[in-house]
Amino acid sequence: MDWECVFHGISMCYEEKIVRVRTDAALMALLAEPGRGAEALAGHIAARYCEKLGCALEITERSLAVELLVHAYCDALLLRVAALAEKLPGQLGTRLKQAAGQLQQHTDIIDMGEKSVDSNRWLFDDLAPFYPVICGILGDKA
């Protein structure tokens with residue numbers, strides 16, 4: 001994969017019908033800034049995809065923004081769960097840490113694909129109309 005970091009240092013990779021974004025410190029820093037960082041990043045992704053591949057990505061910017069937020073904050077939550085698991089005794093802590101680690105493998109890289117290649121696209125498309133509500137819940141962290 002050919003990763004680039006041209007927007008706020010966020011690692012992104014563009015392929016036909018799919019864009020991948022790393023859930024890393026750079027992404028979380030953008031989301032922590034006042035404003036709607038996910039919306040700005042989604043706009044950049046759409047424009048850069050068109051520039052690199054010569055056609056539009058068949059995903060709305062709102063759907064991209066929602067997917068970015070859901071994955072990024074699930075990843076952050078799983079990191080906190082893993083840290084909590086360290087403090088729990090015996091098998092309970094071990095099992096919780098393993099479960100969080102397995103789930104986190106699915107959130108450390110955000111795969112945003114068109115419907116034809118992404119079986120989860122429907123979920124983020126269905127949540128896209130609720131983007132303002134999601135932003136209201138997250139406040140300045142969106």
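**Exercise 1. Locate Pro129 and Phe130 in the chain, and state how far each is exposed.**

Step 1. Pro129 lies in the loop that joins α5 (121-127) to α6. Helices (H or I, at least four residues) and strands (E, at least two) are DSSP runs, numbered from the N terminus. The model is predicted: local features need pLDDT of at least 70, side-chain atom pairs count only at pLDDT 80 or more, and totals for chains, interfaces and linings use all residues. Residues are numbered from 1 along each chain as its sequence is written, and side-chain values use heavy atoms, with hydrogens and water left out.

Step 2. Pro129 counts as exposed because its relative accessibility is 59%. The classes are buried (under 20% relative accessible area), exposed (over 50%) and partly exposed (in between), with a 1.4 Å probe and protein chains only.

Step 3. In space, the C-alpha atoms of Pro129 and Arg62 are 7.7 Å apart, although 67 residues separate the two in sequence.

Step 4. Phe130 is also placed in the loop between α5 and α6. With 47% relative accessibility, Phe130 counts as partly exposed.

Step 5. Phe130, Val133 and Ile137 make a nonpolar surface patch of about 330 Å². Patches consist of residues with over 30% relative accessible area and no salt bridge; like charges are joined within 9 Å, and nonpolar side chains (Val, Leu, Ile, Met, Phe, Trp, Tyr) within 5 Å. Accessible areas come from the Shrake-Rupley method with a 1.4 Å probe, and for residues only the protein chains shown count as cover.

**Exercise 2. Determine which residues of α6 and α1 are buried, and how they are arranged around each axis.**

Step 1. Tyr131, Ile134 and Cys135 are buried in α6. They lie on the same side of α6, because the arc they cover around the axis is only 100°. The arc is taken from the directions from the helix axis to the C-beta atoms.

Step 2. Gly136 and Ile137 are exposed, on the face of α6 turned away from its buried side.

Step 3. Gly139 follows α6 and has a positive phi, near 65°.

Step 4. In α1, the buried residues are Ala26, Leu27, Leu30 and Leu31. Their arc, seen down the axis of α1, is 135°, so they line one face of the helix.

**Exercise 3. Describe the largest nonpolar core and the contacts of Leu41.**

Step 1. The core (buried Ala, Val, Leu, Ile, Met, Phe, Trp, Tyr and Cys residues joined through side-chain atoms within 4.5 Å) has 30 residues, of which Ile10, Val21, Leu41 and Ile45 touch the most other members.

Step 2. At least two core residues come from each of β2 (10-15), β3 (18-22), α1 (25-32), α2 (37-53), α3 (61-87), β4 (109-113) and α6 (131-138). The largest share, six residues, is that of α3.

Step 3. Apart from neighbours within four places in sequence, Leu41 is in contact (heavy atoms within 4.5 Å) with Phe7, Ile10, Met12, Leu27, Leu30 and Leu68.

**Exercise 4. Identify the loop residues His8 and Lys17 by their phi values.**

Step 1. His8 is not a glycine, yet its phi is positive, about 60°. His8 sits in the loop between β1 (3-7) and β2, and its 47% relative accessibility makes it partly exposed.

Step 2. Lys17, likewise not a glycine, has a positive phi of about 70°. Lys17 belongs to the loop between β2 and β3 and is partly exposed at 29% relative accessibility.

**Exercise 5. Examine the salt bridges of Glu4 and Asp118, with the burial of each partner.**

Step 1. The whole structure holds nine salt bridges, each defined by a side-chain nitrogen of Lys or Arg within 4 Å of a carboxyl oxygen of Asp or Glu.

Step 2. Glu4 and Lys52 form one of them, at 3.4 Å from N to O. This pair links distant parts of the chain, with Glu4 in strand β1 and Lys52 in helix α2, 48 residues apart.

Step 3. Glu4 is buried at 13% relative accessible area, whereas Lys52 is partly exposed at 36% relative accessibility. A network of salt bridges links Glu4, Arg48, Glu51 and Lys52.

Step 4. In the salt bridge of Asp118 with Arg121, the closest N and O atoms are 3.5 Å apart. Asp118 is buried, with a relative accessible area of 12%, and Arg121 is buried, with 1%.
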